[in-house]
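This report introduces a structure to a reader who has not met it before. It takes up a backbone detail, the overall fold of a chain, and the nonpolar core in turn.

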Amino acid sequence: MEHRAQLSLQAVDCDGAIAEAVDALTGDTRADFFRKAVIGGSALAASLEAPALAKQGLPKKDTKILQFDLTLEYLQAAMYTEAQRLRALPPRTLDWAKVVGANERGHVRAIRGLLGKDAVKSPRFNFRGVTEDDRAFTETAVAFEDLTAALLKTQALQVKSRGVLAALVSLHSVEARHAAWIRHIAGVVPARAAFDKRTSKAKVVKLVDSTRFVVSAPKTSGRRRPKYTG
Amino acid sequence: MKPSSAGRLSDKGLALLEFLARGQSTEDATAQEPPRTLTRGQLLAGGTVAAGAITGAGILLGGLPTLAVSKPSKAQDRRVLEYLLQVEYIQSGFYGEAERRRALKGELAEFAERVGRQERAHVEALEKALDGNAPKKPSLDFKDATTDPDKFVSTAVELEEMALAAFNGQVPNLTPQPLLTAIEIASVEARHTGWIRDIAGRNPAPRPADVPATQDETNAAIEDTGFVS
């Protein structure tokens, strides 16, 4: 019944994007990472052993998609991180903000790693009291998480690189977990339908615009650290 | 598409998962679950990974060595959908039995009823995608996991994590139409996972990215449950 060939990292990671993401995620050079990996088991190092991967960059379309996602992740990370810092939300919601904030910061690092020099900077945000207001925070969080999961489905059909697709799939289901969790806290059904439908980028833009959270547009240089940490 | 020699998770994959599971987060947010020794089944199900124990680094890394990707084709679609349908048969069997036996109360009964209905809808969608040529349903026995509330919860967590990892592992292998169906289902499996983990008092989203499973790993996890005869 087994039909799937186990491919090496080299074969899967045809554009080097995932390997780059790994470097960005760990904050290590690959050499450092492998040194650490040996502690966990030399098998790990062996499994990732691959010749230096060519830095060819991503397909243009994928770059554009990831740049939009990066901005969306900055927004989510900033909102939840601010809520965590202000500590005004009830305990369960605050726990949600802490865990999900950490996850979204992880997404920021992952996508910045995938984009490399094409990473956009974070816009500046003003959450207008939403991070201190239980009801407003919860409603906004439900909308952000539901819509992000829906958008990632559309993008899964659009991206050219299968490495990028695999990465988006891994992030996508985490957004759906976040959505179910915040819905459960809010007392609304975590899984409304048997199939989660996709949504368009335009709908997401409309939602984000309606919040008026973004107070300055992102610039295209990705050289500096994001400013979302408050 | 040469057949894989690995009938089970390779030592290499296991060593990686153990390494990742032991890793300490620099952003350990709520530590709802203390790190502990994991069994292989738990690792595969992603069930007991400590909150934040797998950092961003774990993500893509965790996926890499086990990521089995082959170029999408119609023939491959069929094989993948047949396999994913097996996973859905087990889930819908589990919740269907829980409903019939009527031993669960309150939110657990509600969970079994709603999620069961959704898993049946997934079965129908996958059978339809296979033009009615569906594989044989497995013979299932869940013992007291469908009546004992604690066992029901831990089993539901395990089955949902397993299904999610199975779908995530296959989405990149499908052509566009089945890909869309599979990701629409994966998203709902992720919601079930988040929901039941919150009911269980376990961190619903312990990692920034979900680790996909290969078919071998999923089959091994299914075997470990002992539910399929």
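Is A:Arg212 buried or exposed? The model under discussion is a predicted one. In it, A:Arg212 is exposed, because 11 other C-beta atoms lie within 10 Å and a residue counts as exposed at 12 or fewer.

**Positive phi angles**

Most residues other than glycine have a negative phi. A:Arg212 departs from this pattern with a positive phi near 55°. The residue is placed in the loop of chain A that runs between helix H9 (201-211) and strand E2 (214-216). In chain B, B:Asp131 is likewise not a glycine, and its phi is positive at about 55°. B:Asp131 belongs to the loop between helix H5 (106-129) and helix H6 (149-170) of chain B. B:Asp131 counts as exposed because it has 8 C-beta neighbours inside 10 Å. A glycine with a positive phi is also found in chain A: A:Gly187, with a value near 80°, follows H8(A). The table sets out the three residues.

| Residue | Phi | Place |
|---|---|---|
| A:Arg212 | near 55° | loop between helix H9 (201-211) and strand E2 (214-216) of chain A |
| B:Asp131 | about 55° | loop between helix H5 (106-129) and helix H6 (149-170) of chain B |
| A:Gly187 | near 80° | follows H8(A) |

**The fold of chain A**

Chain A contains nine helices and two strands. Read from the N terminus, its elements follow the order α-α-α-α-α-α-β-α-α-α-β. The chain has 230 residues, of which 51% count as buried. When contacts between residues at least 6 apart in sequence are considered, 81% of them in chain A join residues at least 24 apart.

**Helix H8 and the nonpolar core**

Helix H8 of chain A spans residues 162-186 and has 25 residues. From its first C-alpha to its last, H8 reaches 36 Å, close to the 36 Å expected at 1.5 Å a residue. How many of the 25 residues of H8(A) are buried? The number is 23, and the helix is mostly covered.

The largest nonpolar core has 100 residues. Those touching the most other members are A:Ala156, A:Leu168, B:Leu84, B:Phe167, B:Val171 and B:Ala182. H8(A) supplies the largest share of this core, with 14 residues. Leaving aside residues up to four places away in sequence, A:Leu168 touches A:Leu152, A:Gln155, A:Ala156 and A:Val159.

Technical notes
Residues numbered from 1 in each chain as written. Chains lettered and ligands numbered in written order. Predicted model: local features only at pLDDT ≥ 70, side-chain atom pairs only at ≥ 80, totals over all residues. Helix = DSSP H or I, 4+ residues; strand = E, 2+ residues; numbered from the N terminus. Buried ≥ 20, exposed ≤ 12 C-beta atoms within 10 Å, placed from the backbone. Contact = placed C-beta atoms within 7 Å. Expected span 1.5 Å × (residues − 1). Core = buried A, V, L, I, M, F, W, Y, C linked by C-beta atoms within 7 Å.
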